[in-house]
Amino acid sequence: MQGLSSAVRREPPVSPADAEIAPAVLAWYDRRRRSLPWRAPPGARPDPYVVWLSEIMLQQTRVEAVKPYFETFLRRWPDVAALAAAPIEAVMRQWAGLGYYSRARSLHACARAIVAEHGGSFPASEAALRALPGIGRYTAAAIAAIAFGQKAAAVDGNVERILARLDVLEVPLPAAKPLLAQKAARLVPDARPGDFAQAMMDLGATICTPQRPACGICPLRAFCGAAAQVRPEAWPRKPPRAERPHRRGAAFVLRRGDAVLLRTRPSQGLLGGMTEFPSTFGTDSYDPLTALHAAPLVADYRRLPQSVAHVFTHFSLSLDVFVADVESEAPAGCRWVRDSDLETEALPSLMRKVAVAVRSSGW
Ligand code: SF4
């Protein structure tokens, strides 16, 4: 029985072309690796905390947008114990503007779990990493490979794109994901798996880009089916994209002297735990004629001539902005915050746009 189970578990044979991919990518990486603030110098051992923090921030977010946040977080909370000891409100405030705010809550929960359950040290195995809050399959593999040198395949959209092009895979995403994951697992080398993961990230970000890949200078050109096609960017194949629905809503900006009315959104759901001008959005039922029914206070409102536009992953939004001066106490769940203290609040990008629209209206 033992012989049978080990036969079943044996990895599929690596084809000669597959075996040449990691050496080609690593040789290219040694010459062209990007210098990034979270990346350890060649040969140095990366700090798991740094790898984890950067990987969480980089989910769905551009490198250039992440850099200042990463540096501020690391300065303020230089290790996982410091982050775990921070109040969640401080973490949310520091995250404001980076988007996908559930990441900030999971980041904090994960830091606390590492301190409480792992004595303040990151576990090295993919399975143990995946059991932590906010760490999915890709992030666990990236941390295991980069920080601990484990032979783990970190497969994100960049890697899927490269691999689908290499094999000119006609199966569209997302159905192709299992095939691409198998291919990725076959390619990870025994030596330098962390460098291989980072090399593939760099290749996807700088050479095998979504549009106009630079096949002429790509280290994988000799192994790539798409490079010989007129439009290599036609891979990975994708099903037709569904229209993103458009929704409307309202934000109420109330002023009392030099203070504005704010509230904290519920911890779950869209922009969970972030600060907002009292708002109503996200449903299909908005009617501008009855918008004032949802206002937090009765007041003599004026509507700004321009609405504020924003795009979320699953819908686009235009937000009507109503402004009014009042003398009232803050209603339940709201608070008055001095205009000069607005920067210290966990205002997401949408609410920052509302603040800019109000300021530029001259109100
Ligand atoms: S040859 Fe072109 S399509 Fe193929 S992996 Fe390189 S950049 Fe991508």
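## Cavities

A cavity is a set of grid points where a 1.4 Å probe fits but cannot get out, and its lining residues have an atom within 4 Å of a point. The model examined here is predicted. It holds two cavities of 30 Å³ or more.

## Second largest cavity

The second largest cavity encloses about 90 Å³ of space. Its lining consists of Ala 152, Ala 153, Ala 154, Val 159, Ala 184, Leu 187, Val 188, Pro 193, Phe 196, Ala 197 and Met 200. By class, that makes eleven nonpolar residues, no polar and no charged.

Two helices, H11 (177-187) and H12 (193-206), each give at least two residues to this lining. H12 provides the largest share, with four residues.

## Largest cavity

The largest cavity contains about 110 Å³ of space. It is lined by 15 residues. Closest to its centre are Arg 165, Cys 208, Cys 215, Cys 218 and Cys 224. The lining has 13 nonpolar residues and two charged ones, with no polar residue.

## Largest pocket

The volume of the largest pocket is about 1000 Å³. Its lining comprises 32 residues. Leu 58, Gln 59, Gln 60, Asp 156 and Asn 158 lie nearest the centre. Helices H3 (48-58), H4 (63-76), H9 (137-148), H10 (157-166) and H12 each contribute two or more lining residues.

The pocket lining is mixed in class: 13 residues are nonpolar, ten polar and nine charged. H12 thus appears in the lining of the largest pocket and in that of the second largest cavity.

Conventions: Residues numbered from 1 in each chain as written. Predicted model: local features only at pLDDT ≥ 70, side-chain atom pairs only at ≥ 80, totals over all residues. Heavy atoms only, no water. 1 Å grid on protein atoms, 1.4 Å probe; cavity = no way out; pocket = protein on both sides within 12 Å on 5 of 7 lines; lining within 4 Å. Points joined across faces, edges and corners; volume = space filled by probe spheres on them. Nonpolar A, V, L, I, M, F, W, Y, C, P; charged D, E, K, R; others polar.
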